[in-house]
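This report describes a single protein chain for a reader who is new to structural models. Please keep the sequence and the structure in view while reading.

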Amino acid sequence: MATRKTPDSAGRLENLKELVGAIDEFETLPGFLEHVSLVMENANQSGGEMVSIMTLHSAKGLEFKAVFLAGWEEALFPHPRSLDENGATGLQEERRLAYVGLTRARKLRL
């Protein structure tokens, strides 16, 4: 993957470093995710607009005003492990997940 230098590259790199530092404060990734979940639950109770970050699996049945799908790059989606372990069946499941993600927005804007 090629590296691009944009005006906001430094800020993004700083954000990634901060994320890694925050994760390092916990013994396990599940511990970190549990902490983030609790923090987000408290933030959700504030009643304001917010951004939800979730997996495609957890988006089933939900609907949002707008949806942004990240990570649709070769070797990330469809996930190579799914293809290696399950072959054509794995590819079909990845396609179903893609459909779930693409249909979560209330309004389609092209």
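## Burial and Surface

Of the 110 residues in the chain, 11% are buried. This is a predicted model, and every value below was computed from it. The surface that the chain exposes comes to about 9,800 Å², and carbon and sulfur atoms supply 57% of that area.

One nonpolar patch on the surface is formed by Leu 13, Leu 16 and Leu 19, which together have about 280 Å² of accessible area. Leu 19 belongs to helix 1, which covers residues 9-24. Leu 19 counts as partly exposed because its relative accessibility is 41%, a value between the limits of 20% for buried and 50% for exposed residues.

## Overall Organisation

The secondary structure consists of three helices and zero strands. Read along the sequence, this gives the pattern α-α-α. Among contacts with a separation of 6 or more, 58% are between residues 24 or more positions apart.

## Confidence in the Model

How confident is the prediction, on average, over the chain? The mean pLDDT is 81, and 86% of the residues score at least 70. Confidence is lowest in helix 2 (residues 29-44), with a mean of 78, and highest in helix 3, with 87. As a general caution, predicted coordinates should not be read in detail where pLDDT is low.

## Aromatic Pairs

The chain contains two aromatic pairs. In one of them, Phe 26 and Phe 32 meet edge-to-face, with 5.7 Å from centre to centre and 70° between the planes. This pair counts as edge-to-face because the angle is over 60 degrees. The two partners fall into separate accessibility classes: Phe 26 is partly exposed, at a relative accessible area of 28%, whereas Phe 32 is buried, at 10%.

Trp 72 and Phe 77 form a tilted pair, 4.7 Å from centre to centre and with 35° between the planes. The label "tilted" applies because an angle of 35° is neither under 30 degrees nor over 60.

## The Loop Between Helix 2 and Helix 3

Trp 72 lies in the loop between helix 2 and helix 3. With a relative accessible area of 36%, Trp 72 is partly exposed. What does Trp 72 touch, not counting residues up to four places away in sequence? Its contacts are Phe 77, Ala 98 and Leu 102. Although Trp 72 and Ala 98 are 26 residues apart in sequence, their C-alpha atoms are 9.5 Å apart in space.

Two backbone features also deserve attention in this loop. Ala 75, which is located there, has a phi near 75°, a positive value in a residue other than glycine. Ala 75 counts as exposed because its relative accessibility is 52%, which is over the limit of 50%. Further along, a cis peptide bond joins Phe 77 and Pro 78, with omega about 0°. Pro 78 also has its place in the loop between helix 2 and helix 3.

## Salt Bridges

Side chains of opposite charge can pair when their charged atoms come close. The chain has two salt bridges. Glu 63 forms one with Arg 106, and the closest N and O atoms are 3.4 Å apart. This pair links distant parts of the chain, since Glu 63 is in the loop between helix 2 and helix 3 while Arg 106 is in the segment after helix 3, 43 residues apart. Arg 106 is exposed, with a relative accessible area of 53%.

Glu 93 and Arg 96 also form a salt bridge, with their closest N and O atoms 3.1 Å apart. Both residues lie in helix 3, three residues apart, or about one turn of the helix. Glu 93 is partly exposed, at a relative accessible area of 28%, and Arg 96 is partly exposed as well, at 46%.

## A Buried Serine in Helix 3

Ser 82 is found in helix 3, which spans residues 80-102. Is Ser 82 buried or exposed? Ser 82 is buried because its relative accessible area is 14%, a value under the limit of 20%. Not counting residues up to four places away in sequence, Ser 82 touches Gly 87, Gly 90 and Glu 94.

Methods
Residues are numbered from 1 along each chain as its sequence is written. This is a predicted model: local features need pLDDT of at least 70, side-chain atom pairs count only at pLDDT 80 or more; totals for chains, interfaces and linings use all residues. Side-chain values use heavy atoms; hydrogens and water are left out. Helices (H or I, at least four residues) and strands (E, at least two) are DSSP runs, numbered from the N terminus. Buried means under 20% relative accessible area, exposed over 50%, partly exposed in between (1.4 Å probe, protein chains only). Contact means heavy atoms within 4.5 Å. Accessible areas come from the Shrake-Rupley method with a 1.4 Å probe; for residues, only the protein chains shown count as cover. Patches are made of residues with over 30% relative accessible area and no salt bridge: like charges are joined within 9 Å, nonpolar side chains (Val, Leu, Ile, Met, Phe, Trp, Tyr) within 5 Å. A salt bridge is a side-chain nitrogen of Lys or Arg within 4 Å of a carboxyl oxygen of Asp or Glu. Rings of Phe, Tyr and Trp (its six-membered ring) pair if their centres lie within 6.5 Å; planes under 30 degrees apart count as stacked, over 60 as edge-to-face and the rest as tilted. pLDDT is the predictor's confidence in each residue, from 0 to 100.
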